[in-house]
Amino acid sequence: MYTSTLIAAACAIFAGVQAMPTPDASPIKGPSYEAHLQMLEGMNATAFEEEAKMVKRGGTASSTGYNNGYYYSFWTDNQAYYKVDWSGNGDFVAGKGWNPGSYTSITYSGTYGPNPSAGSYLALYGWTTNPLVEYYIVDNSASYNPSTGAQYKGSFTSDGSSYNIYQTTRYNAPSIQGTSTFNQYWSVRQNKRVGGTINIGSHFAAWRTYGMNLGQFNYQIMATEGFSQSGTATITVGGR
């Protein structure tokens, strides 16, 4: 039984795209809050399709249109599956999951095909408050190294692979609480994959051993992020 409400990170994405804020000095290419809510800035996200197998929720209606010279198409039946194709040099994040998140393991399956030179991640992604933390459990990525500019903390093994742990700080950056300074926590899988079980609790426990503490859960999604070049992903999120 699903104890949390299924959500899509694409909520209200077409409510009027604004210019992205100037990035801070950190080289980490994390998404901004606007990227989650508005989705398109210099990016052509040509297709979203969602279907099958999980609890429905109300959300953003299917729509098409133009914004800042780019065409977008979004289609949903508000269930567990999403598909995205992208091209361009803006930043977007798309995903499905739960609000609030939890320590409970999740499963997912699908395909992930970024251009080899693209900047892109496939990750379990979320936020907590008190403290405000943005976190990633990266299962796959394209050419951009998610650890660039971050502090290496250590490594541990979970779900059949070693994960390297990193931390960085974003200063005066967009967040779910507006412009804030906050930590980013990263687990980066060394044996890349698409699909399987993510034992979320094992990552959070490993982070705690390095003083990387989380707060109260906000949303938690299995996400595709793209911020350069092109690619495609089709992801189905399983239950917990």
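**Active-site glutamates, cores and backbone details in a predicted model**

E134 is found in strand β9, which covers residues 133-141. The structure described here is a predicted model, and E134 is a convenient place to enter it, since UniProt, in an unreviewed entry, places the feature "active site" at E134 and E225. These two positions are spread over 92 residues of sequence, yet they cluster in space, with a largest C-alpha distance of 14.0 Å. The second of them, E225, sits in strand β14, residues 216-226. Are the two glutamates buried or exposed? E134 has a relative accessibility of 0% and therefore counts as buried. E225 has a relative accessible area of 2%, under the 20% cut-off, so E225 is buried as well.

With these two residues located, the overall fold can be considered. The secondary structure of the protein comes to two helices and 15 strands. Of the 240 residues in the protein, 57% are buried. How much of the contact network links residues 24 or more positions apart? Among contacts with a separation of 6 or more, such pairs account for 76%. The accessible surface of the protein is about 9,400 Å², and carbon and sulfur atoms contribute 49% of that area.

The interior holds more than one nonpolar core. The largest has 30 residues, and those with the most contacts inside it are I106, L124, Y135, I198, W207 and M222. Which element gives the most to this core? That element is helix α2, residues 200-208, with four residues. Apart from this core lies another, of 20 residues, which includes V138, I176, I221 and A223.

The region around strands β11 and β12 can be followed residue by residue. T169 belongs to strand β11, residues 161-173, and its relative accessibility of 23% falls between the cut-offs of 20% and 50%, so T169 counts as partly exposed. The side chains of T169 and N183 are joined by a polar contact of 2.8 Å. T169 can also be related to Q184, which is 15 residues away along the chain: the C-alpha atoms of this pair are separated by 5.9 Å. Strand β12 spans residues 180-189 and contains S180. At 13% relative accessibility, S180 counts as buried because the value is under 20%. Beyond the residues up to four places away in sequence, what does S180 touch? Its partners are L132, R170, Y171, N172, A173 and S175.

One of these partners, N172, also has a notable backbone angle. N172 is found in strand β11, and its phi is near 50°, a positive value in a residue other than glycine. With a relative accessible area of 59%, over the 50% cut-off, N172 is exposed, so the contact with S180 joins an exposed residue to a buried one. A positive phi is also found at D159, where the angle is about 55° although the residue is not a glycine. D159 lies in the loop between β10 (151-158) and β11. Its relative accessible area of 27% is why D159 is classed as partly exposed.

D159 leads on to T197, as the two residues are in contact. T197 is part of strand β13, residues 196-198, and is partly exposed because its relative accessibility is 34%. Leaving aside neighbours within four places in sequence, T197 contacts S105, I106 and T107 in addition to D159. For one of these partners, T107, a backbone distance can be given: the C-alpha atoms of T197 and T107 are separated by 4.3 Å, although the two residues are 90 positions apart along the chain. Another partner, I106, is among the residues with the most contacts inside the largest nonpolar core.

Finally, the model contains cis peptide bonds. Where do they occur? A cis bond joins N99 and P100, with omega about 5°, and P100 lies in the loop between β6 (92-99) and β7 (106-114). The peptide bond from N130 to P131 is cis too, with omega near 5°. P131 is found in the loop between β8 (120-129) and β9, and strand β9 is the element that holds E134, one of the positions in the UniProt "active site" feature.

Terms used
Residues are numbered from 1 along each chain as its sequence is written. This is a predicted model: local features need pLDDT of at least 70, side-chain atom pairs count only at pLDDT 80 or more; totals for chains, interfaces and linings use all residues. Side-chain values use heavy atoms; hydrogens and water are left out. UniProt positions are given in the numbering used here, feature names are shortened, and annotations may be inferred rather than shown by experiment. Buried means under 20% relative accessible area, exposed over 50%, partly exposed in between (1.4 Å probe, protein chains only). Contact means heavy atoms within 4.5 Å. Accessible areas come from the Shrake-Rupley method with a 1.4 Å probe; for residues, only the protein chains shown count as cover. A polar contact is a pair of N or O atoms within 3.5 Å; within protein, one must be able to donate a hydrogen and the other to accept it, and residues adjacent in sequence count only if both atoms are side-chain atoms. A nonpolar core is a set of buried Ala, Val, Leu, Ile, Met, Phe, Trp, Tyr and Cys residues joined through side-chain atoms within 4.5 Å.
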